[in-house]
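Biologist: Please take a close look at one part of this model, the way its strands pair. Then set that part in its surroundings.

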Amino acid sequence: MSWRPDTYTGWGRALSATGEIARPERLSALEALEAAPACGRRRSYGDACLNGEGRMVDMSRLDRVLSFEDGVLHAEAGLRLGEIMRLFAPRGWMPTVVPGTGYATVGGAIAMDVHGKNHTEGTFGCHVEEITLTQNGKRMVTTPGSDLFGATVGGLGQTGIITSAKIRMTSLEGRSMYVHERRMENWDEFIAELASSEAPYVVGWIDATARGSALGRGVLEEARPVDKNPPPVKGTKSVPVDAPGFALSKPVVRVFNAAYFRRVPSIGRKVTRSFGDFFFPLDRVQDWNKLYGKKGFHQFQCVVPDNNTPALRDMLELIAGSGLASPLAVLKRLSDRSAGMMSFPMEGLTLAVDFPASKAAEALIARLEDMTLDAGGRIYLAKDALSAAATIDAMYPNRAAWTAEAAKADPDGALETDLTRRLELRRT
Ligand SMILES: Cc1cc2nc3c(=O)[nH]c(=O)nc-3n(C[C@H](O)[C@H](O)[C@H](O)COP(=O)(O)OP(=O)(O)OC[C@H]3O[C@@H](n4cnc5c(N)ncnc54)[C@H](O)[C@@H]3O)c2cc1C
C-alpha cells in the first residue's frame with residue numbers, strides 16, 4: 001500500500017492540510033498499515049478529516065456490502081449512505097437516520113454520530129448493532145453497552161479505524177416522499193410549528209437575512225414516505241470553478257432568500273419528491289462548496305436546549321444584522337437520543353448557517369459560540385473549524401471520560417487529527 005503526498009481540505013475548504021494519503025482497497029492492506037487516522041468522503045466542514053504533516057487513510061474504496069439479513073446491513077466503512085439508499089430503497093429499506101448528504105460514509109456517520117430530519121429516532125449510532133475496528137492492525141469488535149462502543153460512536157475516529165459496521169435499517173413503505181411545505185412568517189410561528197409537528201421527518205429552511213417583524217421567517221417541510229412514483233430525477237449539476245466574491249454578496253443573498261421564501265405559496269403546497277431530493281437536496285449540485293470561492297466557508301451549527309430558545313432567536317438577530325450569512329440556513333429539532341460520549345445532539349433546537357470565510361465571519365462565529373455556551377448548548381464538531389479548547393470542554397461534559405477510552409485504544413496519539421489537536425481533545 002503506497003502513501004501519496006497530497007494537499008486536501010474538508011468540505012468548507014477554509015482549512016487545508018498537506019500530508020500523505022493511502023487509499024486501501026482491501027482490509028488486509030489496511031491492517032498492514034501503521035496507525036493513522038481515517039477519513040470518509042471529507043464531508044465534515046472543518047479539520048476533523050485533516051492531518052497536516054501526517055498521514056490519513058482514505059476509506060472510500062473499502063465500500064462493499066458484506067451482508068443483509070433480517071433488516072441488518074453489514075457494510076464496509078467506506079460505503080456512502082446515498083449508495084445504501086440507492087441499493088436498498090427499491091427493496092423497501094433505508095438507514096434509519098441519514099444526514100443531509102448521501103456522500104457521508106458509514107464510518108464518518110458513526111464517528112460523528114450524525115443526526116437526520118427524524119429527531120425522534122435519535123442519531124445514526126442508535127441504530128448501529130456492531131462495529132469492527134482496527135487498532136494498529138489488531139481487530140476489535142464492539143457492541144452497544146461497552147465503553148469502547150460509546151467512545152467510538154461520535155468519537156472522531158480516535159478509538160481506531162472503523163472497518164465495518166452492522167446497521168439496523170428501517171423498512172420503507174413507499175417509493176417517494178410526500179412533502180408539505182409551509183411558509184413560516186416569523187420566529188415565534190416557526191418554533192411553535194416545529195414543536196407541535198407530528199410528521200416523521202421535519203426540517204426548516206430559515207431566511208438568515210430577514211429582520212424586524214420577519215426575523216426567523218422560513219419554510220417548514222414536513223414529510224412522510226408515500227407509495228407514489230417520484231417525479232423524474234433531474235440530472236446533477238456542478239460548479240466547475242470557484243465562484244467570484246459577488247456570487248454570495250449581501251444583496252444577492254437577500255434577493256435569493258426572498259424569492260426562495262415566496263416560491264412556496266402563502267397557503268403552502270404539497271409535493272412529491274424522490275428520496276434523494278428530499279434527504280440529500282444539496283447533492284444534486286456537485287462541488288457546490290466552490291460557490292464560496294477560493295477562501296471557502298464556515299458553517300456554524302449549534303444546539304440549544306428547549307428552555308433556552310430565546311437565546312437562539314438572539315443569535316439569529318445577530319446573524320441577520322451582520323449581513324454575512326449565505327442562503328444555507330437550517331433549523332431542526334433534536335432529541336437527547338444519541339449513542340456516544342461525544343455525540344452532539346441534546347433535546348432542543350439546532351441552527352446551522354453557512355458564512356463565506358472572512359475575518360468578520362470569524363468574529364461573528366466567536367460571539368455565537370459564546371452565546372451557545374451561555375445558553376447551555378453546544379456546537380457540532382463536524383462543522384467546526386474555529387472553536388477553542390476551553391469552549392468545547394465546557395460544552396461536552398463527557399470529554400474526559402471519552403479521552404480516557406481513546407487513550408486506551410490509541411496510547412501514542414497516532415490517530416489524532418488537526419481538529420483533536422486544535423481543540424486539545426485528547427489531553428488528560
Ligand atoms: C451538505 C451536507 C449536509 C450535512 N448534513 C448533516 C446532517 O443533517 N446531520 C449531520 O449530523 N451531519 C451533517 N453533515 C455532516 C456530515 O454528515 C458529517 O461530517 C459526516 O461525518 C461526514 O462523513 P464522511 O464519511 O465524509 O466523514 P469525514 O468528513 O471524512 O470524517 C469525519 C470524521 O469521521 C472520522 N472517520 C471517517 N471515517 C472513519 C473510519 N472509517 N474510521 C474511523 N474514523 C472515521 C474522521 O476521522 C473524522 O473525524 C452534512 C455535511 C454536508 C456536506
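Modeller: Two strands pair if DSSP finds at least two bridges between them. Helices (H or I, at least four residues) and strands (E, at least two) are DSSP runs, numbered from the N terminus. This is a predicted model, where local features need pLDDT of at least 70, side-chain atom pairs count only at pLDDT 80 or more, and totals for chains, interfaces and linings use all residues. Residues are numbered from 1 along each chain as its sequence is written.

Now the sheet. Eight strands form an open sheet, in the order 15-11-13-12-18-19-17-20, and the pairing is antiparallel. Its edges are strand 15 (269–273) and strand 20 (378–379), each of which pairs on one side only. Inside that order, strand 11 (residues 176–184) lies against strand 13 (residues 218–226), antiparallel, with nine bridges. One place to check this is His180, whose bridge partner in strand 13 is Glu222.

Strand 17 (297–305) is also in that sheet order. The loop between strand 16 (285–286) and strand 17 holds Asp287. Asp287 is not a glycine, yet its phi is positive, about 55 degrees. Asp287 counts as exposed because it has 12 C-beta neighbours inside 10 Å. The cut-offs, with C-beta atoms placed from the backbone: buried means 20 or more other C-beta atoms within 10 Å, exposed means 12 or fewer, and partly exposed is in between.

Parallel pairing appears elsewhere. Strand 2 (residues 16–22) and strand 4 (55–58) run parallel, joined by three bridges. Ile21 has Met56 of strand 4 as its bridge partner. Strand 3 (38–39) is also parallel to strand 4, through two bridges. There, Ala38 is partnered by Val57 of strand 4. The loop from strand 3 to strand 4 contains Glu53. Glu53 has a positive phi too, near 65 degrees, and is not a glycine. With 9 C-beta neighbours inside 10 Å, Glu53 is therefore classed as exposed.

Strand 3 leads on to the ligand. Strand 3, helix 3 (106–111) and strand 10 (161–171) each give at least two residues to the shell around the ligand. Helix 3 has the largest share, four residues. The ligand has 32 residues around it, and those that come nearest are Gly40, Gly100, Gly107, Gly108 and Gly157 (near: C-beta atom, placed from the backbone, within 6 Å). By class, the shell holds 19 nonpolar, ten polar and three charged residues. Here Ala, Val, Leu, Ile, Met, Phe, Trp, Tyr, Cys and Pro are nonpolar, Asp, Glu, Lys and Arg are charged, and the others, Gly among them, are polar.

Next, the core. The largest nonpolar core contains 117 residues (buried Ala, Val, Leu, Ile, Met, Phe, Trp, Tyr and Cys, joined through C-beta atoms within 7 Å). Ile110, Ala165, Leu316, Leu351 and Val353 have the most contacts inside it. Leaving out residues up to four places away in sequence, Leu351 touches Cys302, Leu312, Met315, Leu316 and Leu331 (contact: C-beta atoms, placed from the backbone, within 7 Å).

Last, the whole. The protein has twelve helices and 20 strands. Of its 428 residues, 49% are buried. Among contacts with a separation of 6 or more, 76% join residues 24 or more positions apart. The C-alpha trace spans about 60 × 50 × 45 Å along its principal axes.

Terms used. Two residues are in contact if their C-beta atoms, placed from the backbone, lie within 7 Å.
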